[in-house]
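Here's a walk through one protein model, from its packing to its metal site and its charged pairs. Have the viewer open as you read.

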Amino acid sequence: MSQVLDLRLEGEVGAEHAARRFLEELGVSCDTEGTRATPRRMAAAYAALLTAPPFELTTFPNDELYDELVVVRSIPVQSLCEHHFLPFTGVAHVGYVPGERILGLSKFARVVEMFARRPQVQERLTQQVAGWLDTHLSPRGVGVVIEAEHLCMTLRGVQAVGTTTSTSSVRGLLRERPQTRAEFFACIRD
Ligand code: ZN
């Protein structure tokens with residue numbers, strides 16, 4: 001068993017005790033058959049939401065000199081709002097115009113997940129994904145749009161069920177060249 005895994009499991013035991021205390025302080029009994037293991041499941045669920053599986057960055061040379069927009073749509077987003085520690089979920093659309101390197105298409109979801117599995121705000125998540133792609137691929141342009149529903153907004157407070165929040169980060173050609181920008185936003189609309 002790796003040391004990293006040991007540390008995480010150790011943390012989960014402490015988190016389980018804290019979850020039990022947290023629930024009890026709120027008047028929730030953890031003594032019924034259904035709730036006995038709830039603190040453990042809570043700790044494991046939050047640990048999972050805060051742990052991104054490692055991935056290998058596979059980039060390839062852009063041998064075909066592809067210079068049009070590549071758009072990957074509807075990548076699932078599951079993250080935790082750092083203000084309330086409730087989930088926000090939705091989709092990310094990522095587009096880029098390659099430079100010298102291209103990224104394996106399945107890796108875009110990994111990049112989104114890497115930044116989503118931590119306490120977040122949607123604005124920062126959007127910028128981090130765009131920034132990471134910009135740094136690692138040096139594309140001619142990159143754009144990220146995230147549309148998500150925040151449980152902290154739809155379950156409490158104004159209880160605006162069904163409200164989604166949209167954020168975007170565009171760089172390079174997608175920011176500067178109106179045609180490319182328009183093509184990207186048209187592409188993710190349908
Ligand atoms: Zn919130």
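Which residues does Leu133 touch, not counting residues up to four places away in sequence? Keep in mind that this is a predicted model. Leaving out those sequence neighbours, Leu133 has contacts with Val94, Leu103, Phe108, Val111, Ser138, Pro139 and Val142.

**The nonpolar cores**

Leu133 also shows up in the largest nonpolar core, a set of 26 residues. Along with Ile75, Tyr96, Phe108, Leu125, Val129 and Ile146, Leu133 is one of the residues there that touch the most other members. Two or more residues apiece come from β2, β3, α3, α4 and β6 (141-150). Helix α4 gives the largest share, 6 residues. There's a second core too, separate from that one, with 8 residues that include Leu69, Val97, Val170 and Ile188.

**The sheet and the helix on it**

Now for the strands. Five of them make an open sheet with mixed pairing, and the order is β5-β2-β3-β6-β7. At the edges sit β5 and β7 (165-172), each pairing on one side only. In the β3 and β6 pair, the strands run antiparallel and are joined by 10 bridges. If you want a spot to look at, take Gly90, whose bridge partner in β6 is Ala148.

Helix α3 packs on this sheet, where it touches β2, β3 and β5, and its direction makes about 20° with that of β2. Which residues of α3 are buried? In this helix, residues 107-116, they are Lys107, Phe108, Val111, Val112, Phe115 and Ala116. The cover over those residues includes β2 (70-81), β3 (87-97), β4 (101-103), β5 (119-120) and α4 (122-137). Phe108 is worth a second click: it is buried in α3, and it is also among the core residues that touch the most other members.

Over on edge strand β7, have a look at Ser169, which is found in that strand. Is Ser169 buried or exposed? At 9% relative accessibility, Ser169 counts as buried. Not counting residues up to four places away in sequence, Ser169 touches Thr126, Gln127, Ala130, Val142, Gly143 and Val144. Val142 is a contact of Ser169 and a contact of Leu133 as well.

**The zinc site**

Which atoms coordinate the zinc ion? They are SG of Cys81, ND1 of His84 and SG of Cys152, at 2.1 to 2.2 Å. Along the chain, the donors follow the spacing C-x2-H-x67-C. As for accessibility, Cys81 is buried at 6% relative accessible area, while His84 comes out as partly exposed at 37%.

**Salt bridges**

How many salt bridges does a search of the whole structure find? The search finds 5. Here are the relative accessibilities for the residues of three of the pairs discussed below.

| Residue | Relative accessibility | Class |
|---|---|---|
| Arg21 | 54% | exposed |
| Glu25 | 55% | exposed |
| Glu82 | 35% | partly exposed |
| Arg124 | 29% | partly exposed |
| Arg110 | 34% | partly exposed |
| Glu113 | 22% | partly exposed |

Start with Arg21 and Glu25, whose side chains meet at 2.9 Å, N to O. Both lie in helix α1 (residues 3-25), 4 residues apart, about one turn of the helix.

A similar spacing turns up in α3. Glu113 and Arg110 form a salt bridge, with 3.1 Å between the closest N and O atoms. The two are 3 residues apart in that helix, so about one helical turn separates them. Through shared partners, salt bridges join Arg110, Glu113 and Arg117 into one network. Why do such spacings suit a pair of side chains in a helix? An α-helix has 3.6 residues a turn, so residues three or four places apart point the same way.

The side chains of Glu82 and Arg124 also meet in a salt bridge, at 2.9 Å from N to O. Glu82 is in the loop between β2 and β3, and Arg124 is in helix α4, so this pair ties together parts that are 42 residues apart in sequence.

Terms used: Residues are numbered from 1 along each chain as its sequence is written. This is a predicted model: local features need pLDDT of at least 70, side-chain atom pairs count only at pLDDT 80 or more; totals for chains, interfaces and linings use all residues. Side-chain values use heavy atoms; hydrogens and water are left out. Buried means under 20% relative accessible area, exposed over 50%, partly exposed in between (1.4 Å probe, protein chains only). Contact means heavy atoms within 4.5 Å. Donors are N, O and S atoms within 2.8 Å of the metal (3.2 Å for Na, K and Ca); water is not among the atoms, so sites may look incomplete. A nonpolar core is a set of buried Ala, Val, Leu, Ile, Met, Phe, Trp, Tyr and Cys residues joined through side-chain atoms within 4.5 Å. A salt bridge is a side-chain nitrogen of Lys or Arg within 4 Å of a carboxyl oxygen of Asp or Glu. Two strands pair if DSSP finds at least two bridges between them. Axes are lines fitted to C-alpha atoms, for helices over the stretch in contact, and angles run from 0 to 180 degrees between N-to-C directions.
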